[in-house]
Amino acid sequence: MAGLLPSHGRVLGNAAPVAHHDGHNSRAARGRRDRVVADDGAVDLELDRAHSARMYDYYLGGTTNFPADREGAGRAMVAFPAALVAARANRQFMHRSVRHLARLGMRQFLDIGTGIPTSPNLHEIVQEEAPEARVVYMDNDPIVLAHARALLHSSPEGRTAYSQGDVHAPGELLKSPELLGTLDMDRPVALSLIALLHFVPGDRTAHDVVEHFKEALPAGSTLTVSHVTPDFTPGPVAGLARAYESAGTPARARTREEFTRFFDGWELLEPGVTVTHRWRPDPAHDLSGVTDAEAACYAAVARKP
(Lines give C-alpha, C1' and ligand atoms only; values in the text may rest on other atoms or scores of the structure.)
Protein backbone atom coordinates (compact mmCIF):
# COMPACT_ATOMS: atom_id res chain seq x y z
CA MET A 1 0.00 0.00 0.00
CA ALA A 2 2.67 2.47 0.92
CA GLY A 3 3.68 3.89 -2.38
CA LEU A 4 0.88 2.10 -4.11
CA LEU A 5 -1.73 4.43 -2.80
CA PRO A 6 -2.78 7.74 -4.16
CA SER A 7 -4.94 10.22 -2.42
CA HIS A 8 -7.95 9.47 -0.31
CA GLY A 9 -8.36 11.69 2.69
CA ARG A 10 -11.65 12.89 4.12
CA VAL A 11 -14.35 14.19 1.84
CA LEU A 12 -14.89 17.94 1.74
CA GLY A 13 -18.00 17.92 -0.40
CA ASN A 14 -18.41 19.23 -3.93
CA ALA A 15 -15.64 21.78 -4.18
CA ALA A 16 -15.01 23.71 -7.33
CA PRO A 17 -13.20 21.90 -10.12
CA VAL A 18 -10.27 24.32 -10.04
CA ALA A 19 -8.49 25.58 -6.94
CA HIS A 20 -6.01 28.43 -6.63
CA HIS A 21 -2.91 27.44 -4.68
CA ASP A 22 0.14 29.16 -3.34
CA GLY A 23 2.71 26.53 -4.32
CA HIS A 24 4.63 24.43 -1.83
CA ASN A 25 3.94 26.35 1.35
CA SER A 26 7.21 26.54 3.28
CA ARG A 27 5.38 27.98 6.29
CA ALA A 28 3.70 24.66 6.98
CA ALA A 29 4.66 23.00 10.23
CA ARG A 30 3.24 20.17 12.24
CA GLY A 31 0.31 21.28 14.39
CA ARG A 32 -0.68 23.99 11.94
CA ARG A 33 -3.51 23.87 9.40
CA ASP A 34 -2.99 26.06 6.37
CA ARG A 35 -5.69 26.69 3.81
CA VAL A 36 -5.96 27.48 0.13
CA VAL A 37 -8.88 29.28 -1.45
CA ALA A 38 -10.94 27.32 -3.94
CA ASP A 39 -13.72 28.83 -6.02
CA ASP A 40 -16.33 27.94 -3.38
CA GLY A 41 -14.31 28.77 -0.26
CA ALA A 42 -11.27 27.75 1.76
CA VAL A 43 -9.89 24.24 1.60
CA ASP A 44 -8.13 22.89 4.68
CA LEU A 45 -4.97 21.09 3.57
CA GLU A 46 -4.53 19.49 7.01
CA LEU A 47 -0.77 19.85 6.89
CA ASP A 48 -0.45 18.63 10.46
CA ARG A 49 -1.53 15.08 9.62
CA ALA A 50 -0.22 12.55 7.14
CA HIS A 51 -2.10 12.20 3.86
CA SER A 52 -1.70 9.20 1.61
CA ALA A 53 -1.54 11.49 -1.44
CA ARG A 54 1.45 13.34 -0.05
CA MET A 55 3.06 10.11 1.19
CA TYR A 56 2.76 8.73 -2.33
CA ASP A 57 4.24 11.95 -3.68
CA TYR A 58 7.19 11.44 -1.31
CA TYR A 59 7.75 7.87 -2.54
CA LEU A 60 7.82 9.15 -6.12
CA GLY A 61 10.41 11.80 -5.27
CA GLY A 62 7.98 14.72 -5.35
CA THR A 63 8.04 17.92 -3.30
CA THR A 64 4.38 18.26 -2.28
CA ASN A 65 4.85 16.64 1.11
CA PHE A 66 5.40 17.93 4.62
CA PRO A 67 6.85 16.68 7.94
CA ALA A 68 3.75 14.72 8.98
CA ASP A 69 3.67 13.01 5.57
CA ARG A 70 7.35 12.12 5.68
CA GLU A 71 6.96 10.77 9.20
CA GLY A 72 4.05 8.58 8.08
CA ALA A 73 5.98 7.44 5.01
CA GLY A 74 8.95 6.60 7.22
CA ARG A 75 6.82 4.32 9.39
CA ALA A 76 5.39 2.66 6.29
CA MET A 77 8.87 2.10 4.87
CA VAL A 78 10.06 0.52 8.11
CA ALA A 79 7.18 -1.97 7.81
CA PHE A 80 7.58 -2.44 4.06
CA PRO A 81 11.09 -1.47 2.91
CA ALA A 82 10.22 -1.89 -0.79
CA ALA A 83 7.70 0.97 -0.70
CA LEU A 84 9.64 3.14 -3.14
CA VAL A 85 10.03 0.29 -5.63
CA ALA A 86 6.35 -0.61 -5.33
CA ALA A 87 5.24 2.97 -5.86
CA ARG A 88 7.26 3.38 -9.02
CA ALA A 89 6.20 0.00 -10.41
CA ASN A 90 2.60 1.01 -9.84
CA ARG A 91 3.07 4.39 -11.51
CA GLN A 92 4.64 2.80 -14.56
CA PHE A 93 1.76 0.32 -14.76
CA MET A 94 -0.58 3.30 -15.00
CA HIS A 95 1.47 4.75 -17.85
CA ARG A 96 1.56 1.48 -19.79
CA SER A 97 -2.09 0.60 -19.27
CA VAL A 98 -3.55 3.93 -20.41
CA ARG A 99 -1.17 4.12 -23.36
CA HIS A 100 -2.23 0.62 -24.40
CA LEU A 101 -5.91 1.54 -24.14
CA ALA A 102 -5.40 4.70 -26.18
CA ARG A 103 -3.72 2.62 -28.87
CA LEU A 104 -6.70 0.25 -28.79
CA GLY A 105 -8.98 3.19 -29.60
CA MET A 106 -10.25 4.38 -26.21
CA ARG A 107 -10.87 8.12 -26.27
CA GLN A 108 -12.63 8.75 -22.94
CA PHE A 109 -10.87 8.23 -19.60
CA LEU A 110 -12.15 8.51 -16.03
CA ASP A 111 -9.43 8.39 -13.38
CA ILE A 112 -10.71 8.03 -9.80
CA GLY A 113 -8.15 8.42 -7.05
CA THR A 114 -5.97 10.75 -9.05
CA GLY A 115 -3.43 11.80 -6.44
CA ILE A 116 -1.10 14.78 -6.60
CA PRO A 117 -0.18 15.62 -10.21
CA THR A 118 3.11 13.98 -11.21
CA SER A 119 4.12 14.51 -14.83
CA PRO A 120 3.52 12.74 -17.07
CA ASN A 121 -0.06 12.60 -15.87
CA LEU A 122 -2.67 10.30 -17.38
CA HIS A 123 -3.95 12.88 -19.86
CA GLU A 124 -0.42 13.60 -21.07
CA ILE A 125 0.08 9.91 -21.83
CA VAL A 126 -3.21 9.36 -23.66
CA GLN A 127 -3.22 12.67 -25.54
CA GLU A 128 0.25 11.92 -26.83
CA GLU A 129 -1.34 8.90 -28.53
CA ALA A 130 -4.72 10.49 -29.25
CA PRO A 131 -4.79 14.31 -28.95
CA GLU A 132 -8.59 14.33 -29.09
CA ALA A 133 -8.95 12.18 -25.95
CA ARG A 134 -11.03 13.46 -23.05
CA VAL A 135 -10.03 12.85 -19.45
CA VAL A 136 -11.83 13.43 -16.15
CA TYR A 137 -9.89 13.23 -12.90
CA MET A 138 -11.61 12.67 -9.55
CA ASP A 139 -10.34 12.65 -6.00
CA ASN A 140 -11.55 13.55 -2.52
CA ASP A 141 -8.31 14.81 -0.99
CA PRO A 142 -7.96 18.57 -0.38
CA ILE A 143 -4.31 18.60 -1.43
CA VAL A 144 -5.27 17.24 -4.86
CA LEU A 145 -7.91 19.94 -5.24
CA ALA A 146 -5.27 22.53 -4.41
CA HIS A 147 -3.09 21.35 -7.29
CA ALA A 148 -5.88 20.60 -9.76
CA ARG A 149 -4.77 23.23 -12.26
CA ALA A 150 -1.87 21.00 -13.24
CA LEU A 151 -4.40 18.43 -14.45
CA LEU A 152 -6.25 20.81 -16.74
CA HIS A 153 -3.63 21.52 -19.41
CA SER A 154 -5.27 19.57 -22.18
CA SER A 155 -4.16 19.31 -25.77
CA PRO A 156 -6.08 21.77 -28.00
CA GLU A 157 -7.98 18.89 -29.61
CA GLY A 158 -8.97 17.18 -26.35
CA ARG A 159 -10.26 18.16 -22.95
CA THR A 160 -9.52 17.53 -19.28
CA ALA A 161 -11.56 18.25 -16.15
CA TYR A 162 -11.24 17.73 -12.41
CA SER A 163 -13.98 17.12 -9.85
CA GLN A 164 -14.10 16.37 -6.16
CA GLY A 165 -15.76 13.01 -5.60
CA ASP A 166 -16.00 10.19 -3.07
CA VAL A 167 -15.63 6.65 -4.36
CA HIS A 168 -17.88 5.46 -1.51
CA ALA A 169 -20.76 7.28 -3.26
CA PRO A 170 -20.37 6.16 -6.88
CA GLY A 171 -23.87 7.22 -7.85
CA GLU A 172 -23.21 10.83 -6.86
CA LEU A 173 -19.76 10.73 -8.41
CA LEU A 174 -21.21 9.74 -11.78
CA LYS A 175 -23.56 12.74 -11.66
CA SER A 176 -20.69 15.20 -11.40
CA PRO A 177 -21.25 18.24 -13.69
CA GLU A 178 -17.56 18.17 -14.64
CA LEU A 179 -17.82 14.51 -15.65
CA LEU A 180 -21.10 14.91 -17.56
CA GLY A 181 -19.81 18.04 -19.25
CA THR A 182 -16.67 16.29 -20.50
CA LEU A 183 -17.51 12.64 -21.21
CA ASP A 184 -20.32 11.09 -23.24
CA MET A 185 -21.51 8.34 -20.91
CA ASP A 186 -23.28 6.58 -23.79
CA ARG A 187 -19.88 5.85 -25.36
CA PRO A 188 -17.12 3.58 -23.97
CA VAL A 189 -15.16 4.94 -21.02
CA ALA A 190 -11.82 3.69 -19.72
CA LEU A 191 -12.20 3.70 -15.92
CA SER A 192 -9.01 3.65 -13.84
CA LEU A 193 -9.04 2.70 -10.16
CA ILE A 194 -5.29 2.71 -9.66
CA ALA A 195 -4.16 1.83 -6.12
CA LEU A 196 -7.50 2.98 -4.75
CA LEU A 197 -9.61 0.03 -3.64
CA HIS A 198 -7.34 -0.99 -0.78
CA PHE A 199 -8.56 2.27 0.79
CA VAL A 200 -12.08 0.79 0.78
CA PRO A 201 -11.47 -1.85 3.46
CA GLY A 202 -14.85 -3.60 3.59
CA ASP A 203 -15.10 -6.56 1.24
CA ARG A 204 -18.73 -6.00 0.38
CA THR A 205 -18.32 -2.25 0.06
CA ALA A 206 -15.31 -2.37 -2.26
CA HIS A 207 -16.85 -4.93 -4.59
CA ASP A 208 -20.24 -3.18 -4.50
CA VAL A 209 -18.58 0.10 -5.52
CA VAL A 210 -16.91 -1.56 -8.50
CA GLU A 211 -20.13 -3.29 -9.53
CA HIS A 212 -21.94 0.06 -9.51
CA PHE A 213 -19.41 1.49 -11.95
CA LYS A 214 -19.49 -1.64 -14.11
CA GLU A 215 -23.26 -1.49 -14.42
CA ALA A 216 -23.25 2.23 -15.25
CA LEU A 217 -20.64 2.05 -18.02
CA PRO A 218 -21.66 1.12 -21.58
CA ALA A 219 -20.43 -1.91 -23.52
CA GLY A 220 -16.88 -1.52 -24.75
CA SER A 221 -15.79 0.31 -21.60
CA THR A 222 -12.71 -0.85 -19.73
CA LEU A 223 -11.75 -1.24 -16.09
CA THR A 224 -8.15 -0.86 -14.91
CA VAL A 225 -7.27 -1.73 -11.32
CA SER A 226 -4.11 -2.08 -9.28
CA HIS A 227 -4.28 -3.26 -5.68
CA VAL A 228 -1.86 -4.20 -2.91
CA THR A 229 -1.73 -7.90 -2.01
CA PRO A 230 -0.39 -9.95 0.90
CA ASP A 231 0.22 -12.98 -1.32
CA PHE A 232 3.99 -12.55 -1.72
CA THR A 233 5.04 -10.97 1.56
CA PRO A 234 2.23 -11.18 4.13
CA GLY A 235 4.09 -9.93 7.20
CA PRO A 236 5.46 -6.66 5.78
CA VAL A 237 2.21 -5.90 3.95
CA ALA A 238 0.24 -6.39 7.18
CA GLY A 239 2.64 -4.01 8.89
CA LEU A 240 2.18 -1.55 6.06
CA ALA A 241 -1.60 -1.59 6.53
CA ARG A 242 -1.13 -0.93 10.25
CA ALA A 243 1.18 1.99 9.47
CA TYR A 244 -1.45 3.58 7.23
CA GLU A 245 -4.19 2.97 9.76
CA SER A 246 -2.09 4.65 12.46
CA ALA A 247 -1.83 7.65 10.11
CA GLY A 248 -5.62 7.79 9.87
CA THR A 249 -6.16 5.90 6.61
CA PRO A 250 -7.77 2.45 6.99
CA ALA A 251 -6.49 0.03 4.36
CA ARG A 252 -6.86 -3.60 3.40
CA ALA A 253 -4.68 -5.80 1.19
CA ARG A 254 -6.47 -8.45 -0.89
CA THR A 255 -5.56 -11.84 -2.29
CA ARG A 256 -5.49 -12.74 -5.98
CA GLU A 257 -8.93 -14.35 -5.66
CA GLU A 258 -10.39 -11.24 -4.01
CA PHE A 259 -8.74 -9.01 -6.61
CA THR A 260 -9.97 -11.07 -9.57
CA ARG A 261 -13.56 -10.76 -8.36
CA PHE A 262 -13.52 -7.07 -9.29
CA PHE A 263 -13.59 -8.14 -12.96
CA ASP A 264 -16.41 -10.69 -12.76
CA GLY A 265 -18.42 -10.72 -16.01
CA TRP A 266 -15.84 -8.69 -17.97
CA GLU A 267 -13.19 -9.92 -20.39
CA LEU A 268 -9.65 -9.65 -19.10
CA LEU A 269 -7.15 -8.25 -21.59
CA GLU A 270 -3.81 -9.99 -21.96
CA PRO A 271 -1.88 -10.83 -19.83
CA GLY A 272 -4.79 -11.09 -17.38
CA VAL A 273 -4.19 -10.75 -13.64
CA THR A 274 -0.53 -10.31 -12.85
CA VAL A 275 1.82 -8.20 -10.72
CA THR A 276 2.17 -4.54 -11.72
CA HIS A 277 5.67 -4.77 -13.20
CA ARG A 278 4.72 -7.86 -15.26
CA TRP A 279 1.72 -6.28 -17.00
CA ARG A 280 2.86 -5.72 -20.60
CA PRO A 281 6.40 -4.64 -19.59
CA ASP A 282 8.06 -1.91 -21.62
CA PRO A 283 11.76 -2.42 -22.46
CA ALA A 284 12.22 1.34 -22.19
CA HIS A 285 11.48 1.10 -18.46
CA ASP A 286 13.45 -1.86 -17.21
CA LEU A 287 11.78 -3.41 -14.17
CA SER A 288 13.38 -6.81 -14.62
CA GLY A 289 15.13 -6.50 -11.27
CA VAL A 290 11.87 -5.99 -9.36
CA THR A 291 10.52 -9.03 -7.51
CA ASP A 292 6.87 -9.87 -6.97
CA ALA A 293 7.39 -9.36 -3.23
CA GLU A 294 8.70 -5.84 -3.85
CA ALA A 295 5.89 -4.88 -6.21
CA ALA A 296 3.30 -6.50 -3.89
CA CYS A 297 0.48 -5.30 -6.09
CA TYR A 298 -1.82 -7.01 -8.59
CA ALA A 299 -2.91 -5.30 -11.79
CA ALA A 300 -5.34 -6.06 -14.60
CA VAL A 301 -7.41 -4.46 -17.35
CA ALA A 302 -10.78 -5.79 -18.54
CA ARG A 303 -13.37 -4.84 -21.14
CA LYS A 304 -17.17 -4.89 -20.81
CA PRO A 305 -18.72 -7.26 -23.39
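How many helices and strands are there in the protein chain? This predicted model has eleven helices and ten strands in its protein chain.

**The chain as a whole**

Here are some overall values to keep beside you as you look at the structure.

| Property of the protein chain | Value |
|---|---|
| Residues counted as buried | 59% of 305 residues |
| Contacts joining residues at least 24 apart, among contacts between residues at least 6 apart in sequence | 76% |
| Accessible surface | about 11800 Å² |
| Part of the accessible surface belonging to carbon and sulfur atoms | 50% |

**Helix H3**

Let's turn to one helix. H3 covers residues 83-103, which makes 21 residues. At 1.5 Å a residue, a span of 30 Å is expected for H3, and the C-alpha atoms at its ends are indeed 30 Å apart, so the two values agree. Is H3 largely enclosed or not, and why? Of its 21 residues, 17 are buried, and therefore the rest of the structure largely encloses H3. After this helix comes Gly105, which has a positive phi, near 110°.

**Thr249**

Now try finding a single residue. Where is Thr249 found? Look in the loop between helix H9 (234-246) and helix H10 (256-260). Thr249 has a relative accessible area of 8%, and it counts as buried because that value is under the 20% cut-off.

Which residues is Thr249 in contact with, leaving aside its neighbours within four places in sequence? They are Phe199 and Tyr244. Ser52 is worth finding too: Thr249 and Ser52 are 197 residues apart along the chain, yet their C-alpha atoms are separated by 7.5 Å.

Conventions
Residues are numbered from 1 along each chain as its sequence is written. This is a predicted model: local features need pLDDT of at least 70, side-chain atom pairs count only at pLDDT 80 or more; totals for chains, interfaces and linings use all residues. Side-chain values use heavy atoms; hydrogens and water are left out. Helices (H or I, at least four residues) and strands (E, at least two) are DSSP runs, numbered from the N terminus. The expected span of a helix is 1.5 Å times one less than its number of residues. Buried means under 20% relative accessible area, exposed over 50%, partly exposed in between (1.4 Å probe, protein chains only). Contact means heavy atoms within 4.5 Å. Accessible areas come from the Shrake-Rupley method with a 1.4 Å probe; for residues, only the protein chains shown count as cover.
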